[in-house]
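Work through the exercises below with the sequence and the model open side by side. Each task is followed by a solution that goes step by step.

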Amino acid sequence: MADVQRAVADELDRISPVIDDLGRIFNAAGHELALVGGPVRDAMLGRRHNDLDFATSARPEETERLLKGWGDALWDMGRAFGTIGCRKGDWVVEVTTYRSEVYDPTSRKPSVDFGDTLDGDLGRRDFTVNAMAVLVPGRVLEDPYGGVVDLAHRVLRTPGRPEDSFSDDPLRMMRAARFAAQLGFTVDPGVVAAMTAMAERIEIISAERVRDELVKLICAPYPRLGLTLLVETGLAERVLPELPALALERDEHHRHKDVYEHTLTVLEQAIDLEDRLGGEPDFVSRFAALMHDVGKPRTRRFVEDGTVTFHHHDVVGAKITRKRMKALKFSNDEIDAVSKLVELHLRFHGYGNGEWTDSAVRRYVRDAGDQLERLHVLTRADCTTRNQRKADRLRRTYDSLEERIARLSEEEELSALRPDLDGNQIMEILQIPPGREVGQAYHHLLELRMDRGPMTQDEAREALLAWWASR
C-alpha cells in the first residue's frame, strides 16, 4: 500500500500544474472538482499520461465558462452527456458534470440525468477500480467502493450489483473483458455470472460501440484473457460468433489441431512479432491472426483415409471476415486489409523448400500489396507446431523467401511493380483509343513482367505486338 501511495503522490505532483489550478478555479466559483476514473487508477499503477478526466458539480454551461478562461482550445461534442473538453499546452482535460446514466431496456442510447454528489457519480461507474476520485486542489482520495483494495488484488468488481450495472449499460460487459485484457486482472465470479446471464442484452448496443470496445480489447497487452471471457460468458456468440465457432468438436483420433486454441496462440505470436511493424499494437495484424482460420468450420471434411481437410478455408474465411467486419461498421480500408491477409495466409505453404520461381515470388509480393509486412508476420505466427525441427525448417524457409523478396525488390523495385509500357504507350503502339482493349494489353504485359522480370522498351513493344497479332 505504501508503494501505491508513493506512486499516487508522485503522479499528483507531476500533474499539479493542471489539477491544482483547475481545482482553485472551480472552487472559487463554488463548485467541486475531482480527478476521476482512469487517471486515478493509472496513477496507482504507476502509469502516466497527459489526458485527464474530471467530474464536477458544475453544469456544462458553467464548466464551459470556467474552462474558456483557462485553456487554449475548447470543444463540446459531449455536451449532451455533460462533458466539455479543453486543451492547454500538452494537457487534454475533459470535465463532466456529476451524472447518472440509465438505459431504457429497448434503447441503444443512455438517458442522462445530472447529479449533485461525487459519491453518486462514482456509484454509476463501471468498476470499483474506476470509481475512485481525488478532490482537488486539496487532493483528498474518495474511494467509497473499495477500489484501492480491488486494485491491490487485481480484480474487477462493479460498485453495486453487477446485474444493475449491466442493465443500465450492457456495454459494461464488454468493458469487463477489455479491462481484463488491458490490466491483466481477474473478473469477480459474480460479475462473470451476471455477464453470462445477461449476455443477450449486448444486442441493444450499437455496432459502433461494440466495435470500439473490441478494438481496444484486441490491442491490449493480454487479449487472450478478454477473448476467453467473451467466449465463456456467451458474449462472443453475439458480437464475434466466428470465434467460439472455432472450438470444433474433436474426433476421437485428434486428426486436426484444436483450432480455437491454435488461433489464440497465433494471435499471441503475431503480437510478439509486432516489432517488425513498428512495435505499437497493430489492430489489422492482430485481427487477421484472430480471423485467419474462421473458414475452417464450414470447410471441414473427413476423408476416407482418416485425414481431415479444410480445403479453401482461406477464401471462405476471407468472405466471412469481410461480412463480420461490415456488420461491426469497420472502415473499408480495414476490411480490405484484414480480408486480404486472411485470404493470403496459406499462400506461403506452396513455397515448399524454395521451389517457387522468381515469377511466383513477384506474384506473392503483388498480391500482398501494401500488406506484405503484415503477411510476413501472420505467416510466421501461424506456425504453432510443437515439433521443433519442423518449426525451425519453416522459419528457415520463410527466411529464404524474405531474402528472395528483398533481392528482387532491390533489383526490380517490386513495391512499384507495373508493366514495362504504360497505357499511353500501349495506345500509341497499337493505334487504339482508350477502352477495354488497353486494359487487356496492360494486364498481358503485367503478366509478362511477372514471368520474365524487367524487359527493355523494344522487348516490351515486340511482345505487345505479338500478343495483338495473336488475337
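**Exercise 1: An aromatic pair**

In this predicted model, Phe 127 has a relative accessibility of 0% and therefore counts as buried. Determine which kind of aromatic pair Phe 127 and Phe 179 form, and where in the chain the two residues lie.

*Solution.* Begin with the whole structure, which holds 7 aromatic pairs. In the pair of Phe 127 and Phe 179, the ring centres are 6.0 Å apart and the planes make an angle of 80 degrees. Planes over 60 degrees apart count as edge-to-face, and the pair is therefore assigned to that class. Next, locate the partners: Phe 127 belongs to the loop between helix 5 (118-123) and strand 8 (133-135), whereas Phe 179 belongs to helix 8 (residues 171-183), so that the pair links distant parts of the chain, 52 residues apart. Then turn to the accessibility of Phe 179, which is 6% in relative terms; because buried means under 20%, Phe 179 is buried as well. Finally, look at the ring of Phe 179 once more, since the charged end of Arg 178 sits over it, 4.4 Å from its centre.

**Exercise 2: The surroundings of helix 14**

Decide whether the residues of helix 14 (residues 283-291) are buried or exposed, and find which helices they pack against.

*Solution.* First, count residues: 9 of the 9 in helix 14 are buried, which means that this helix is largely enclosed by the rest of the structure. Second, name them from the list, which includes Phe 283, Arg 286, Phe 287 and Met 291. Third, identify the neighbours, because a helix enclosed in this way should be examined together with its packing partners: the buried residues of helix 14 pack against helix 10 (207-218), helix 11 (223-233), helix 13 (259-272), helix 16 (313-327), helix 17 (332-344) and helix 19 (372-381). Fourth, follow the rings, where Phe 283 and Phe 287 are joined with Phe 330 into a cluster through ring pairs.

**Exercise 3: The protein as a whole**

State how many of the 471 residues, as a percentage, count as buried, and what share of the exposed area carbon and sulfur atoms supply.

*Solution.* Take the architecture as the starting point, with 23 helices and 13 strands in a C-alpha trace that spans about 90 × 60 × 45 Å along its principal axes. Of the 471 residues, 50% count as buried. The protein exposes about 22600 Å², and carbon and sulfur atoms supply 48% of that area. To complete the description, note the 66 positive and 82 negative side chains, whose two sets have centres lying 3 Å apart.

Conventions. Residues are numbered from 1 along each chain as its sequence is written. This is a predicted model: local features need pLDDT of at least 70, side-chain atom pairs count only at pLDDT 80 or more; totals for chains, interfaces and linings use all residues. Side-chain values use heavy atoms; hydrogens and water are left out. Helices (H or I, at least four residues) and strands (E, at least two) are DSSP runs, numbered from the N terminus. Buried means under 20% relative accessible area, exposed over 50%, partly exposed in between (1.4 Å probe, protein chains only). Accessible areas come from the Shrake-Rupley method with a 1.4 Å probe; for residues, only the protein chains shown count as cover. Lys and Arg count as positive and Asp and Glu as negative; His and the chain ends are not counted. The place of a charge is taken as NZ of Lys, CZ of Arg, CG of Asp or CD of Glu. Rings of Phe, Tyr and Trp (its six-membered ring) pair if their centres lie within 6.5 Å; planes under 30 degrees apart count as stacked, over 60 as edge-to-face and the rest as tilted. A charge sits over a ring if NZ of Lys or CZ of Arg is within 6 Å of the ring centre and within 35 degrees of the ring normal. Contact means heavy atoms within 4.5 Å.
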